Amino acid sequence: GTGVVSSDFWMRDRAYSLASLQRQFRQQVVRQGHRCTVRTVPWEELVLCGLRVNQDTMERRGLKMHRCTTASGWAEVCRAAAAIPGLEATGCFVDGTLASFLVSWMVDADCHGLMMHRDSRFRATGAANVMVYEFTRMMLARPGVSGVTLGRGWFPAEPTIDRFKRHAG
C-alpha cells in the first residue's frame with residue numbers, strides 16, 4: 001500500500017510483427033518506414049552523428065547535461081560506452097540523417113532498452129515508431145535472445161510514454 005504503481009514493458013513473442021502493433025502506431029510504421037533505415041550504430045559513429053539528437057532531447061526535457069550536449073562530453077560518453085560488454089546503440093536514419101537512437105544492454109538472454117533519444121525535427125516522420133518496432137524485431141531475431149524490454153514506466157508516471165510503449169505491442 002505504500003509503493004508506487006509501475007509498469008514494465010516486455011516483448012517475448014518471436015512472431016512480433018506489424019500485426020502486434022496498435023492501428024495508429026502500425027500506420028506510422030507503414031507510412032513512413034520506407035524513409036527510415038534502422039541499424040546498429042558503432043559508438044565511434046555515434047560520436048559524430050548523435051550529438052545533435054542529444055542536444056535536442058536535453059533541450060526538450062529542460063536538462064543541462066554537459067556530457068550529452070557538448071562534443072567533448074559526448075565523445076567521452078561514447079568512449080566509455082564502447083568499453084562496456086553488451087552495451088550497444090541502434091539508430092534510425094531518415095533519408096540518411098540520424099533521427100533517433102536507442103541504447104540497449106544485453107544481459108544473459110534479455111535485451112534491455114535503456115534510453116531512447118530523438119531529434120524533434122523528425123517528429124512528423126514517425127521515426128520513433130519505426131525505431132521501436134524495428135529495434136524490437138531485430139533483437140528478437142538474434143539467436144539466444146528471449147525477450148526485449150523498453151523498460152519500466154517512469155516515476156512519476158508519464159502516461160504518454162506508457163501509451164507509446166503499449167501501442168508498440
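Helices are DSSP runs of H or I with at least four residues, numbered from the N terminus. The exercises below apply this to a predicted model.

**Exercise 1. Determine in which helix Q32 is found and whether Q32 is buried or exposed.**

Solution.
1. Q32 is found in helix 1.
2. The relative accessible area of Q32 is 15%. Buried means under 20%, so Q32 is buried.
3. When residues up to four places away in sequence are not counted, Q32 touches A124, T125 and G126.

**Exercise 2. Describe how helix 1 and helix 6 pack, and name the residues that make the contact.**

Solution.
1. The axes of helix 1 and helix 6 are 8 Å apart, and the angle between the two helices is about 95°.
2. Angles of 65 to 115 degrees count as roughly perpendicular, and helix 1 and helix 6 are therefore roughly perpendicular to each other.
3. Helix 1 contributes F25, Q28 and V29 to the contact, while helix 6 contributes N129, V130, V132 and Y133.

**Exercise 3. Establish the strand order of the open sheet, its edge strands and its average twist.**

Solution.
1. The open sheet has six strands in the order 1-6-5-4-3-2, and the pairing is mixed.
2. Strand 1 (8-11) and strand 2 (36-41) are the edge strands, each pairing on one side only.
3. From one strand to the next, the twist averages 25°.
4. Strand 2 pairs with strand 3 (residues 87-94) in the antiparallel sense, over six bridges. Within this region, C36 has V94 of strand 3 as its bridge partner.
5. Helix 6 (residues 127-141) lies across strand 1, strand 2, strand 3, strand 4 (97-107), strand 5 (110-118) and strand 6 (147-152), and runs at about 135° to strand 3.

**Exercise 4. Identify the residues that touch the most other members of the largest nonpolar core, and the element that gives the largest share of this core.**

Solution.
1. The largest nonpolar core has 25 residues, of which Y16, F25, C92, F135 and V148 touch the most other members.
2. Two or more residues each come from helix 1 (23-32), strand 2, strand 3, strand 4, helix 6 and strand 6.
3. Helix 6 supplies the largest share of this core, namely eight residues.
4. With neighbours within four places in sequence left aside, Y16 is in contact with M11, L21, Y133, T136, R137, L140, A168 and G169.
5. A second, separate core has 14 residues, including V41, L87, A89 and V103.
6. As a general point, nonpolar side chains tend to be buried together in soluble globular proteins.

**Exercise 5. Locate L102, decide whether L102 is buried or exposed, and list its contacts.**

Solution.
1. L102 is found in strand 4.
2. With a relative accessible area of 2%, L102 is buried.
3. Apart from neighbours within four places in sequence, L102 is in contact with E88, A89, T90, G113, M115, M116, M131, F135 and L150.
4. For V5, the C-alpha to C-alpha separation from L102 is 25 Å in space, and the two residues are 97 residues apart in sequence.

**Exercise 6. Characterise the surroundings of T57: its helix, its accessibility and the backbone oxygen that its side chain reaches.**

Solution.
1. T57 lies in helix 3, which covers residues 51-61.
2. The relative accessibility of T57 is 0%, so T57 counts as buried.
3. The T57 side chain reaches the backbone oxygen of V53 at 3.0 Å.
4. Leaving aside neighbours within four places in sequence, T57 is in contact with H117 and R118.

Key
Residues numbered from 1 in each chain as written. Predicted model: local features only at pLDDT ≥ 70, side-chain atom pairs only at ≥ 80, totals over all residues. Heavy atoms only, no water. Buried < 20%, exposed > 50% of the residue type's maximum accessible area, 1.4 Å probe, protein only. Polar contact = N/O pair within 3.5 Å; in protein donor to acceptor, adjacent residues only side chain to side chain. Contact = heavy atoms within 4.5 Å. Pairing = 2+ DSSP bridges. Axes fitted to C-alpha atoms, helices over the stretch in contact; angles between N-to-C directions. Core = buried A, V, L, I, M, F, W, Y, C linked by side-chain atoms within 4.5 Å. Parallel < 35°, antiparallel > 145°, perpendicular 65-115°, else oblique.
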